[in-house]
Amino acid sequence: MSLMKRPREKNSGHLEFIRSLPCCCCGDNTSTEAAHIRTVNLAYGKRNTGGGEKPSDIWVTPLCNKHHAEQHHIGNEEKFWKSHGINPYVLAMSLYLRSGDYEMALIILERQGYENGSQQQRGPAQVHY
């Protein structure tokens with residue numbers, strides 16, 4: 001099976017929508033950034049992107065400055081997401097399918113993100129990739 005490099009699918013409207021949402025890890029809505037998922041997961045159709053290739057804009061989640069920096073600096077993106085109890089692939093796809101629907105996005109974030117993944121009190125959630 002060949003997974004050739006493909007042109008990045010860009011969607012500036014979706015990126016702007018993601019930036020309007022609260023952080024999926026903590027709920028902060030003051031400094032949200034559109035954070036691309038770089039880790040591969042073929043079960044969800046997320047190909048490997050490397051060699052200067054940025055992931056398509058479907059694979060983006062809302063993170064505050066602090067968590068976006070942590071996502072990049074932890075050294076293991078999968079470990080970052082597991083520590084927050086979030087399946088980033090399902091979250092990104094869910095938000096992409098409801099792009100522009102702010103109320104539904106908040107429900108998605110409450111169910112899949114910051115309320116589900118509040119690890120400071122409950123310990124790591126079981127996240128299946």
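**Aromatic pairs in a predicted model**

Phe80 is buried, with a relative accessible area of 0%. The structure is a predicted model. Trp81 is also buried, at 1% relative accessibility. Both residues fall under the 20% cut-off, and therefore both count as buried.

A search of the whole structure for aromatic pairs finds three. One of them joins Trp59 and Tyr89. The centres of these two rings lie 6.2 Å apart, and their planes meet at 70°. The arrangement is edge-to-face, because the angle is over 60 degrees. This pair links distant parts of the chain. Trp59 sits in the loop between β1 (33-36) and β2 (60-63). Tyr89 belongs to helix α4, which covers residues 88-97. The two partners are 30 residues apart. Trp59 is buried, with a relative accessibility of 8%. Tyr89 is buried as well, at 2%.

Phe80 and Trp81 form another edge-to-face pair. Here the centre-to-centre distance is 4.9 Å, and the angle between the planes is 75°.

Ring pairs also build a cluster, whose members are Tyr44, Trp59 and Tyr89.

Confidence was examined next. The average pLDDT of the chain is 83. A score of at least 70 is reached by 81% of the residues. Over residues 119-129, however, the pLDDT is below 50. In the model, this stretch has 25 contacts beyond near neighbours in sequence. Predicted coordinates should not be read in detail where pLDDT is low.

Technical notes
Residues numbered from 1 in each chain as written. Predicted model: local features only at pLDDT ≥ 70, side-chain atom pairs only at ≥ 80, totals over all residues. Heavy atoms only, no water. Phe/Tyr/Trp six-rings, centres within 6.5 Å; stacked < 30°, edge-to-face > 60°. Helix = DSSP H or I, 4+ residues; strand = E, 2+ residues; numbered from the N terminus. Buried < 20%, exposed > 50% of the residue type's maximum accessible area, 1.4 Å probe, protein only. pLDDT = per-residue confidence, 0-100. Contact = heavy atoms within 4.5 Å.
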